[in-house]
Amino acid sequence: MEDVLVQSYREKFGSFPEVYSSAPGRINIIGEHTDYNLGYVLPTAIDRHVAFLASKRSDGIVHVWSDSFKQEKRFILGDEGESKQTGWIDYVKGVYWVFAKQGASLQGINAYVWGDVPLESGLSSSAAFEVSIIHALNALFRLQLAPLEMAKLAQKAENEYVGVKCGLMDQFISVFGKKDKAVFLDCETLEFEYIPLYLEREGLRILVYDTGVRRDLATSEYNKRRDEATEALKMLADSGIQSYKEINLAKLDEKKSGMGETLFRRARHVVTENERVKNAVCALRSADFFEMGRLLFQSHESLRDDYQVSCPELDLLYDCGKQSHACLGARLTGAGFGGSGIALVQKRGLPSFKKMILDESRQKGFETPSFHDVEIGEGTRLHHTCLD
Ligand code: GLA
């Protein structure tokens, strides 16, 4: 693939690329809507990437060809302005905009983008895209950014330019992911630890179920949940509680009456989900995949009932998971409202589990879902180019 992309770049722009970066999408094993609440998450990178090949130009034009969209777009440096929400080029503009705000002076580029992270599926193709651009520009203009700075800049582009008030999880895992490992990240201190996840030798797979549901409301509802969770924490601050990590369910219950039902539920999800992440890490350390599965189911219940970010198509995965002997656990992954879910499934039971999901979807009149066969992959990297 590497050679093919370099050749494609060459055909498009008449020279070899000076840099070639790639960055992966992700699945989140557990710890949903906890990142911006400064709690715990446990994501893994997947073996699906966005690749960004680029060379400097001597003028201020940014000229990008997207292989996925079979489209080319250009803009002039300084014209990044506010996001126009005109599509994929906004991610490139957003990154340039963030760099300009940091005072970095960049030149124009010719760039070629390719990717196999499914788009708008809740597998973080946008974080992968942002990180791949930042990594390439970092190398091209010798900006000497540390890995954590790359992740934070990508998040800033998404928050302030694209307009999604996401946490740091997706960008972080796209930078720091490692093969066969999940990353146990404390989103407050940003301390992290690699947790081995050897599914193959246990005869297990993570199935990614893509509902095909893309909700326009996803961004506004996502931002709304974030505001509600912040609001709930503010109410707890009166009792001296500064962070969701400091509180347990019993303490939260005592505060229930003053909070109102909705805010209480949002807070309860965050508090219990943080606990589940810690328990999941213990389960993985002792290779207790049945316990792991139970935690996945509980996480989904909490996201469905308390945080209210599920949808009927995602609930279908959970329901099938509960009925199937082959499935140890299942839950929505990522923001929710559509997108994808994951299921921990015994390898030999995979075909019948998939069939069960397809039959149920048909019966309910849902759009036909798809399945993505993913492995746990590495974080962002620079590839060798002919000019190295
Ligand atoms: C999206 C966001 C992440 C995180 C998840 C929910 O993927 O980009 O920051 O909040 O939703 O856990």
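Here is a short conversation about salt bridges and the ligand site in this predicted model.

User: What makes the pair Glu160 and Lys101 a salt bridge?

Analyst: The side chains of Glu160 and Lys101 meet with a distance of 3.3 Å, N to O. A salt bridge needs such a nitrogen and carboxyl oxygen within 4 Å, so the pair qualifies. Glu160 lies in helix α4 (residues 147-162) and Lys101 in helix α2 (residues 89-101), so the bridge ties together parts that are 59 residues apart in sequence.

User: Why is Glu160 called partly exposed?

Analyst: The relative accessibility of Glu160 is 36%. Partly exposed covers what lies between the 20% and 50% limits, so the label fits Glu160.

User: How do you know that Arg268 and Asp306 form a salt bridge, and what does the pair tie together?

Analyst: Their side chains come to 2.7 Å, N to O, and the limit is 4 Å, so this pair counts too. Arg268 lies in helix α8 (residues 261-285), while Asp306 is in the loop between α9 (289-305) and α10 (312-323), so parts 38 residues apart in sequence are tied together.

User: Which label does Asp306 get, buried or exposed?

Analyst: Asp306 has a relative accessible area of 7%. Buried means under 20%, so Asp306 is buried. Its partner Arg268, with 25%, is partly exposed.

User: Where do Asp359 and Arg362 lie?

Analyst: Both lie in helix α11 (residues 350-364), three residues apart, about one turn of the helix. Their side chains meet in a salt bridge at 3.3 Å, N to O.

User: Why is Arg362 called exposed?

Analyst: The relative accessible area of Arg362 is 60%. Exposed means over 50%, so Arg362 earns that label. Asp359, with 27%, is partly exposed.

User: How many salt bridges are there in the whole structure?

Analyst: A search of the whole structure finds 30. Some residues are linked in a network of salt bridges: Glu200, Arg205, Lys347, Asp373 and Glu375.

User: What makes the approach of His33 to the ligand a polar contact?

Analyst: A polar backbone atom of His33 is 2.6 Å from an oxygen atom of the ligand. The cut-off for a polar contact is 3.5 Å, so this counts. A backbone N or O atom of Gly167 lies 2.9 Å from a ligand oxygen, and for Ala335 the distance from a polar backbone atom to a ligand oxygen is 3.4 Å. Taken alone, the ligand exposes 310 Å², and the protein buries 92% of that.

User: What kinds of residues make up the shell around the ligand?

Analyst: The shell divides into five nonpolar, three polar and four charged residues. Arg26, Glu32 and Tyr222 are among the residues around the ligand.

Note on methods: Residues numbered from 1 in each chain as written. Predicted model: local features only at pLDDT ≥ 70, side-chain atom pairs only at ≥ 80, totals over all residues. Heavy atoms only, no water. Helix = DSSP H or I, 4+ residues; strand = E, 2+ residues; numbered from the N terminus. Buried < 20%, exposed > 50% of the residue type's maximum accessible area, 1.4 Å probe, protein only. Near = heavy atom within 4 Å. Polar contact = N/O pair within 3.5 Å; in protein donor to acceptor, adjacent residues only side chain to side chain. Areas by Shrake-Rupley, 256 points an atom, 1.4 Å probe, with all protein chains shown as cover. Nonpolar A, V, L, I, M, F, W, Y, C, P; charged D, E, K, R; others polar.
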